[in-house]
Each structure stands twice: as structure tokens, then as C-alpha cells.
Amino acid sequence: MNFGIDRISFHTSHYYVDLKTIAAARSVDPDKYYQGIGQEKMAIPSPDEDVVTLGASAAYPLMKDGELDEVELLLFATESGIDHSKAAGIYVHGLLDMAPRCRTLELKQACYSGTAGIQLAIGFVARNPTKKALVIASDVARYELGSPGEATQGCGAVAILISANPRLMAIDPECGYYTEDVMDFWRPNYRSEALVDGKYSTMVYIHALIESWKQYAEESGRALTDFDRFCYHIPFSKMAEKAHQKLCRKFKVDLDKQQLHRLLAESLRYSRVVGNCYAGSMYVGLTSLLDTAEEDLAGKRVGLYSYGSGCVGEFFSGVVQPGYRDALYVDQHRNLLENRSELTYQQYEDIFNYVVPTDGGEYVFPQYKTGPFRFSGISQHKREYESLVD
Ligand code: CAA
């Protein structure tokens with residue numbers, strides 16, 4: 001029996017800012033962003049969106065398709081938590097009207113927690129093969145205005161259904177993982193923007209990749225040439241490309257530009273126009289690969305590298321299943337990305353500077369264009385959410 005990813009659905013904000021707009025405001029050559037870091041647009045959450053609404057919106061198509069009925073484990077992976085105590089997944093559980101017989105909790109380890117959720121969920125369904133697990137990875141990437149990280153912001157969520165005999169991807173049992181206590185990127189509880197030692201973070205990302213790969217290769221006996229595609233954690237798309245180049249160079253595997261393009265390009269398409277989704281980023285990449293690859297990927301093995309600053313890295317893999325295309329949400333993702341609204345620089349800055357009131361008063365938030373759910377207000381320190389669908 002196989003275990004892995006049965007369905008995957010992605011959601012992001014309706015609003016984005018083009019990096020040419022940021023380049024003009026910062027007097028930077030736009031090619032630094034378009035070419036240098038490989039990013040074009042970044043999704044910006046409206047004031048009535050947060051990780052709960054993004055995550056619930058990502059999972060909504062699964063609910064409509066009746067896929068959540070057997071779910072008894074809901075893992076919500078985020079580093080943009082909205083409460084120190086209550087798991088964001090519990091709000092999502094309510095909005096999606098899920099059955100009370102469900103374990104629900106929130107996971108944190110920077111951008112790695114989505115993968116922790118996948119591996120824990122696979123353990124759960126391996127023990128309970130008639131049951132399913134829902135992993136939601138939802139984040140808002142925020143850096144200070146004018147900082148080097150600014151152009152690598154973004155937001156989005158991915159809802160991933162884990163089951164026995166999955167329709168999309170069977171996850172291989174072998175994996176390599178690596179933990180080291182480093183300060184490459186972090187966000188103290190009192191800050192709403194991340195702090196980052198940018199160049200150092202790119203070096204730690206690669207170091208954790210090499211160590212994770214070594215363990216994976218030893219355990220699986222596979223070589224880098226045994227994969228048809230790779231999906232990397234994507235803080236910005238150039239990072240994924242550079243990581244793969246460095247991995248191949250380190251282990252003496254020839255890789256020209258064309259091969260690099262064939263192995264990675266499809267997985268980078270969505271992220272180039274959405275930006276970093278932290279815990280969800282690698283899974284946005286996997287969605288992009290499955291949705292947009294023209295080649296039939298059935299039977300193909302995909303190498304997956306997840307990285308969370310601080311740091312944990314994990315290399316694992318999966319095999320795309322026959323008939324996988326019938327289980328994708330391609331049209332929904334295409335519509336979402338094609339029908340967004342562009343923000344001016346001033347609108348971007350106004351939204352960036354918006355702060356959720358913290359005085360315990362009663363607030364009803366103006367309605368922006370969101371997915372099926374919105375963060376409608378706050379009352380006596382309690383967040384209120386609204387469903388815009390029946
Ligand atoms: N045309 C084309 N390319 C240009 C250019 C131009 N006009 N101007 C600059 N470039 C190139 C540069 O040569 C450079 O390329 P190389 O890396 O190949 O040398 C690239 O554009 C970026 O330029 P800089 O190195 O000068 O950029 P920077 O120092 O201003 O910012 C960064 C880069 C430090 C990574 C910054 O984006 C950052 O801090 N990002 C946030 C942290 C991050 O994403 N780290 C990734 C690893 S950690 C992780 O993965 C977890 C996570 O999600 C955060």
C-alpha cells in the first residue's frame with residue numbers, strides 16, 4: 001500500500017504588486033528582481049485576510065468535493081500565527097464545517113513545518129489507512145519596507161490531503177533530514193516583520209541541502225540522475241536554481257542550463273508571480289509542476305527539498321501516480337492567478353502599514369476581494385471570520 005498526496009489545492013490573495021513598481025520606488029534596476037532573484041510579482045494579503053482565510057480558502061474546493069469527510073487529523077503549518085495559544089487550524093475546522101472527531105493542531109518550524117505536517121500525516125494514515133489527514137501550509141511573508149528581503153515577500157496557502165493509495169503522489173519512505181541551531185532568519189514575538197541575515201541564509205539553505213541529500217542518498221541508494229524533476233523550497237526562484245546547481249556540482253553531476261530548465265522550470269512558474277509563501281512554498285512549487293507540466297508525469301520520481309530557517313532541512317521524494325491529472329485543480333488555480341488586481345505603490349504601502357487593532361474594541365473591517373472566507377472584524381480581542389459562500 002502507498003501513502004502520500006491525494007489532492008492539492010492552492011490559494012493566494014487577489015492583490016499583487018509588480019516588482020517593477022517596487023524597483024521604481026527603490027531606484028533599483030527591475031532586472032535585479034526579474035533576472036537576479038527571478039521574481040516578477042508578489043501577492044499581498046488584504047486587511048481582511050490572514051493565514052486562516054488563506055488556508056480555509058485553499059481547502060474549500062476539497063470540502064466542496066466531499067474530500068474532508070474522512071479527515072481525522074488537521075495539521076496547520078505556519079510561521080504567521082495569529083494567536084499564541086489557539087491553533088489557526090481550529091478556525092479553519094469551523095469555517096469548513098468539519099466533523100468534531102478530528103485532531104487539530106498548529107505546527108511551527110519556519111518554512112519547514114509543511115513538510116513536518118506531511119510526514120506526520122503519512123504516519124497517521126499508515127496506521128489508519130481508511131482515514132485521511134489534511135495538512136494546510138499557510139503564510140504571509142513580510143520583511144521591512146526597503147530592506148533586501150522586501151522583494152521576496154508574498155502570501156498563500158496550500159491544502160494537501162494525505163491518504164492511502166493517493167491519486168497524485170506516493171511519498172517514498174526514505175528521507176534525509178538535518179537540524180542545526182543557526183540565526184539566519186527569525187521573527188521575535190514582538191515583531192511583525194522577519195529579521196534575516198540574507199546572504200548567510202542562502203548559505204545555510206545549501207549546507208542543509210547537501211547534508212540532507214547525503215543521508216537520503218545513503219538510505220535510498222538513489223543518485224541525482226534518478227529523478228525526473230525536482231521541487232525546492234522557493235524563497236525566490238533563483239535560490240532553487242542555484243541550490244540545484246550547487247548540489248550537482250558538489251556531487252559531480254553534469255548539469256547544463258537546458259537540463260536545469262527541464263528539471264525545475266515548471267515548479268517555479270507559480271512562485272515567480274506569487275512570491276514566498278514560507279511553509280507552503282515548496283508545495284506551491286509542486287502544485288505548479290503538476291498543473292503546468294506538458295509532459296505526462298505519471299510514474300516519474302520527483303525530488304523534494306524543504307528548508308526552514310533556524311534551521312531544519314529535509315530531502316525526500318515521491319512518485320507521480322497514473323491518472324493524476326484527473327485529481328488536480330488546474331482551472332481553479334489558473335483563474336485565481338489570471339484574475340488578480342494590481343496595486344499601486346501607495347496602495348501596497350498602505351496595506352503593508354495596516355495594523356490589526358489591539359485595544360479590545362469592536363471593529364468591522366472593510367470588505368476587499370477575498371476567497372470564500374474573510375477576516376471580518378475583531379471584538380473583545382476575538383477574531384471574527386465570515387463565510388461568503390453557502
Ligand atoms: N540585473 C540582473 N541581475 C542583477 C542585477 C541586475 N541589474 N542587479 C543585481 N543582480 C543580481 C545579483 O548579481 C545577484 O545575483 P547572484 O546571487 O547570482 O550574485 C542577485 O541579483 C541578487 O542581488 P543581491 O545579491 O545584491 O541582492 P540583495 O543582497 O539585495 O538581496 C537576498 C538578496 C539577501 C537573498 C535578499 O533577497 C533577502 O534577504 N531575502 C530574504 C531571505 C531569503 O529569502 N533567504 C533565502 C534562504 S533562507 C530560506 O529559504 C527561508 C525563507 O523562505 C526565508
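# Ligand, sheet and two odd backbone spots

Author: In this predicted model, a backbone N or O atom of P148 lies 3.3 Å from an oxygen atom of the ligand. Local features need pLDDT of at least 70 and side-chain atom pairs 80 or more, while totals for chains, interfaces and linings use all residues. Numbering starts from 1 along each chain as its sequence is written, and side-chain values use heavy atoms, without hydrogens or water.

Reader: What makes the P148 pair a polar contact?

Author: For a ligand, the pair must be N or O atoms within 3.5 Å; P148 sits at 3.3 Å, so it passes. H233 passes too, because a side-chain N or O atom is 2.7 Å from a ligand oxygen. For D29, a polar side-chain atom is 3.0 Å from a ligand nitrogen.

Reader: How do you know how much of the ligand the protein buries?

Author: Alone, the ligand exposes 1,000 Å², and the protein buries 71% of that (Shrake-Rupley areas, 1.4 Å probe).

Reader: Which elements give two or more residues to the shell?

Author: Those are α2 (30-37) and α6 (198-220); helices are DSSP runs of H or I with at least four residues, strands runs of E with at least two.

Reader: What puts a residue in that shell?

Author: One of its heavy atoms must lie within 4 Å of the ligand. That gives 25 residues, with K32, K199, S201, H233 and K242 the closest.

Reader: Why do you say β2 and β3 pair?

Author: Pairing takes at least two DSSP bridges. Strand β2 (residues 15-18) and β3 have four, in the antiparallel sense, so they pair. Y15 stands opposite I44 in β3.

Reader: What is the strand order, and which strands are the edges?

Author: The open sheet of three strands runs β3-β2-β15, with mixed pairing. The edges are β3 (41-44) and β15 (341-342), each pairing on one side only.

Reader: What makes D97 and C311 worth a look?

Author: Most residues other than glycine have a negative phi, and most peptide bonds are trans. D97 has phi near 55°, a positive value, in the loop between α4 (88-95) and β5 (103-107). A cis bond joins G310 and C311, with omega about 0°; C311 is in the loop between β13 (301-308) and β14 (312-320).

Definitions and conventions: Polar contact = N/O pair within 3.5 Å; in protein donor to acceptor, adjacent residues only side chain to side chain.
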